[in-house]
Amino acid sequence: MNHVILCGGGLDTAATLAWLSKVWTFEATVHDTPTNDFDESRYLQWNIHHNGFLPGDQLLLLFVDYGQVSSAMEYDAVWNLSRVMFGSTIMPTHVQRIHTRDVKILNPDGGMLFGTAGSTSSKLRARNLALAMAAAAHMKGDIGHLYFCMTAELDIEMPSDTSPHFIQSLNSTFIMSELAASVTSPLINMDKDVALRMARAWYPDLFDLAWSCWTPNAQGKACGVCRHCVRFEKFRGEC
Amino acid sequence: MVVVPYSGGMESMALLAYAQTIGSMDAIPLVFNDNETETPNRRSAVIAGLIEMGFYNQTVFMDLPNNDLLQNAKGTIPGYKMMMCVAAMSYAHSRVENNAWILLGHTLENSEQPWEDQKPEFFTRLSDLWRVGYGSNIRIGNPFYGKYKHEVLSEYRTLPHHLSVSCDSLTLMGTDHCGTCEGCTHRSAAFRLAGIDDPTEYRHRPLP
């Protein structure tokens, strides 16, 4: 059974991979979605009895490169996070970079799921559905379990493809299409600051490994002024 | 807005006619090009049908991955139905603000197949998924789901079915239907059960 994690390299990815590496086994907890009052000791205790992969199971981290300016830094962040959190169990073949030019379902007719056909915009329309379809096409239906890396959004505006309801709907359609045994986002019911605090307790250098900036400078440094950078530094200070 | 994923088959033609009967004169046929080897001949036949039906000028051609790239070791393409629907929904979403219909030509034969992604519940959930995630109300309709293929053919018997395409291996055999594949077999049976003379040129007459 494959366990495919869609990773963007940001703080949600960092928190989710930390969670998976510490308390999640790939056997029976697919639908566990802890809330803010989760009992860490219970999960850790549970993990003692279920640690490790099942024989024959495969872990894959997929990064989708759809032309975003910071794709190189995001991909590096995914790789660095996975190496630190999963250690020697992660090999280069376990972290795969999908280019949208190779997965045309993401971009039929030159830009249906993107901003505007033919434009240079790298903003994904229908982003999380597009990412899931990219994973499905890349894996040719051999996904097993598909994981998104999301935390609860306090200021979420509906409709949203980062809501628990969306993930549930995606789960049911993927199951009916035989594209996956499940689709889930394990930390979607946990606030971002709680998730990050938990993850940083396990991995103190978490914020040095993740990447959030969408508009890096020519030297590959975070701009420090975009809203993603501001949020990144805010959480670094709080967590 | 009504979008009809158009394969060139008999049900596709009937869907365009159906769209006209419900007042959607601007139905948009969506023709997927997945770069299969048989595409050139199939596409010629599809275009001929669309011209005859009067829909060619509003047809949208959409590139999709080569089927060979998506096939798994079993020779199937998991989730192909969902990929087609998502592509069509994405197209509709990019053109309208709120309401759109995607019409599919599933018949009772589809309901008798085991796949969950051919059942009405799947399309309802897919519509829900889009509404929850992206807001627009794009519904997927299967107006022929309560009928068998030959009943649809009988109802829409005046359409230019001699220009419709059912053969699974059209290019390999030229422009004629092969007469031996599953598509040809079902096509021939539908004409026979509908009591309509089959205008199709078969290279090999399908077995009854």
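**Notebook: a sheet in chain B, a serine in chain A, a helix pair**

I started with two strands of chain B: β4(B) and β5(B) pair in the parallel sense, over 5 bridges. The model is predicted, and I keep that in mind throughout. For one residue pair here, I looked up N99(B): its bridge partner is N137(B), in β5(B).

Next I followed β4(B) to β1(B). These two run parallel and are joined by 2 bridges. I noted V2(B), whose bridge partner in β4(B) is W101(B).

Then I checked β2(B), which covers residues 28–33. It pairs with β3(B) in the parallel sense, and I counted 4 bridges. L30(B) stands opposite V60(B), a residue of β3(B).

Now the whole sheet. In what order do the 5 strands lie? I read β3-β2-β1-β4-β5 in chain B, an open sheet with parallel pairing. I asked why one side of β3 and of β5 is left without a neighbour in the sheet. β3 (60–63) and β5 (137–141) of chain B stand at the edges and each has a single partner strand, so one side of each stays free of a neighbour in the sheet. I also took down the twist: it averages 25° from one strand to the next.

A helix belongs on this page too. α1 of chain B, residues 10–21, packs on the sheet. It touches β1 (2–5), β2 and β4 (99–103) of chain B. The direction of α1 makes about 170° with that of β1(B).

I turned to chain A and picked S182(A). It sits in strand β5 of chain A, residues 182–184. Is S182(A) buried or exposed? The cut-off for buried is under 20% relative accessible area. S182(A) has 1% relative accessibility, so I entered it as buried. Its side chain has a polar contact with that of H145(A), at 2.8 Å.

Last, I looked at a helix from each chain. I needed two values, because packed helices are described by the angle between their axes and the distance between the axes. α4 of chain A (residues 127–139) and α4 of chain B (residues 80–95) have axes that come within 11 Å. They cross at roughly 145°. I marked the crossing of α4(A) and α4(B) as left-handed.

Which residues meet there? From α4(A) I listed L129(A), M133(A) and A137(A); from α4(B), M82(B), M83(B) and V86(B). The contact residues divide into 6 nonpolar, no polar and no charged.

Conventions. Residues are numbered from 1 along each chain as its sequence is written. Chains are lettered from A and ligands numbered from 1 in the order in which they are written. This is a predicted model: local features need pLDDT of at least 70, side-chain atom pairs count only at pLDDT 80 or more; totals for chains, interfaces and linings use all residues. Side-chain values use heavy atoms; hydrogens and water are left out. Two strands pair if DSSP finds at least two bridges between them. Axes are lines fitted to C-alpha atoms, for helices over the stretch in contact, and angles run from 0 to 180 degrees between N-to-C directions. Contact means heavy atoms within 4.5 Å. Buried means under 20% relative accessible area, exposed over 50%, partly exposed in between (1.4 Å probe, protein chains only). A polar contact is a pair of N or O atoms within 3.5 Å; within protein, one must be able to donate a hydrogen and the other to accept it, and residues adjacent in sequence count only if both atoms are side-chain atoms. A crossing is left-handed if the near helix is turned anticlockwise from the far one by less than a right angle, and right-handed if clockwise. Ala, Val, Leu, Ile, Met, Phe, Trp, Tyr, Cys and Pro count as nonpolar, Asp, Glu, Lys and Arg as charged, and the others, Gly among them, as polar.
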